[in-house]
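This briefing is meant to be read with the sequence and the 3D view at hand. It goes through charged side-chain pairs, one histidine and the arrangement of strands and a helix.

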Amino acid sequence: LQNAELGKRAPRWIRDNEVTMCMKCKEPFNALTRRRHHCRACGHVVCWKCSDYKAHLEYDGNKLNKVCKDCYHVIIGCTDSEEKKKKGILEIESAEVSGNSVICSFLQYMEKSKPWQKAWCVIPKQEALVLYMYGAPQDVKALATIPLLGYTVDDTPRSADLPHSFKLTQSKSVHSFAADNEELKQKWLKVIHLAVKGETSECQNELQGNL
């Protein structure tokens with residue numbers, strides 16, 4: 001919702017399973033200390049610390065509702081004087097990049113000898129040579145980024161359990177990925193094969209157009 005509509009219209013609620021961390025302070029949720037709460041104004045999933053505010057919401061008959069700190073300041077008309085800190089490389093919202101990406105989907109991911117884990121992977125259009133990994137599609141901070149330039153791609157599966165896997169290696173760093181099916185794996189490989197050479201699909205399209 002736009003700031004002017006906050007509290008006037010019911011928001012779209014982000015589902016609990018679409019995030020692994022508070023959408024305001026970025027602290028990871030866990031069962032005991034950080035439970036999930038919804039801001040009744042913007043619909044974001046936030047932790048108890050970030051939802052410890054109340055404001056009268058017009059769409060709910062002006063009743064007092066739990067809201068997050070940001071919405072509270074907007075609704076009561078007080079601006080947060082803190083200068084917005086410049087976002088670090090990881091602090092790009094997943095929804096922001098997924099909506100404008102070359103490719104995005106869930107992939108299984110393994111680093112070194114750690115167990116496989118599910119990650120929401122995105123290659124944004126404006127940074128088509130970087131792979132962003134999130135815990136879930138609506139997370140507001142990436143868990144990790146991999147600058148793809150210079151990596152070697154190995155697409156021979158290592159295990160029968162994960163037949164649609166591929167590996168990225170560069171000197172000592174090795175990242176293993178597995179897609180749910182062969183079609184998805186090939187889509188990712190098409191983009192990654194270009195990225196490791198410093199190219200993007202747009203460059204390819206231009207080349208073909210010029211030929």
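E5 is partly exposed, because its relative accessibility is 27%. The model in which this value was computed is a predicted one. E5 is engaged in a salt bridge with R9, in which the closest N and O atoms lie 2.8 Å apart, and the structure holds six salt bridges.

**Salt bridges**

- Side chains of opposite charge can pair when their charged atoms come close.
- R9, the partner of E5, counts as partly exposed because its relative accessibility is 45%.
- K24 and D70 are joined through their side chains by a salt bridge with an N to O distance of 3.4 Å. This pair links distant parts of the chain, since K24 belongs to the segment before β1 (37-38) whereas D70 sits in helix α1 (residues 69-75), and the two are 46 residues apart.
- Both ends of that link count as partly exposed, with a relative accessibility of 24% for K24 and of 35% for D70.
- D60 and K63 form a further salt bridge, their closest N and O atoms being 3.8 Å apart; here D60 is partly exposed at 26% relative accessibility, while K63, at 51%, counts as exposed.

**Surroundings of H38**

- H38 is located in strand β1, and it counts as buried because its relative accessible area is 11%, which falls under the 20% cut-off.
- The side chain of H38 comes to 2.6 Å from the backbone oxygen of I14.
- When neighbours within four places in sequence are left aside, the residues in contact with H38 are W13, I14, D16, G43, H44, V45 and K66.

**The seven-stranded sheet and helix α3**

- Seven strands make up an open sheet with antiparallel pairing, in the order β8-β7-β6-β5-β11-β10-β9. Its edge strands, each of which pairs on one side only, are β8 (144-147) and β9 (152-154).
- On average, and with direction ignored, neighbouring strands of this sheet are turned by 35 degrees against each other.
- At the β9 edge, three bridges connect β9 with the antiparallel strand β10 (residues 165-170), and V153 has L168 in β10 as its bridge partner.
- Helix α3 (residues 182-195) lies across β5 (101-111), β6 (117-124), β7 (130-134), β9 and β10, and runs at about 105 degrees to β5.

Definitions and conventions. Residues numbered from 1 in each chain as written. Predicted model: local features only at pLDDT ≥ 70, side-chain atom pairs only at ≥ 80, totals over all residues. Heavy atoms only, no water. Salt bridge = Lys/Arg side-chain N within 4 Å of Asp/Glu carboxyl O. Buried < 20%, exposed > 50% of the residue type's maximum accessible area, 1.4 Å probe, protein only. Helix = DSSP H or I, 4+ residues; strand = E, 2+ residues; numbered from the N terminus. Polar contact = N/O pair within 3.5 Å; in protein donor to acceptor, adjacent residues only side chain to side chain. Contact = heavy atoms within 4.5 Å. Pairing = 2+ DSSP bridges. Axes fitted to C-alpha atoms, helices over the stretch in contact; angles between N-to-C directions.
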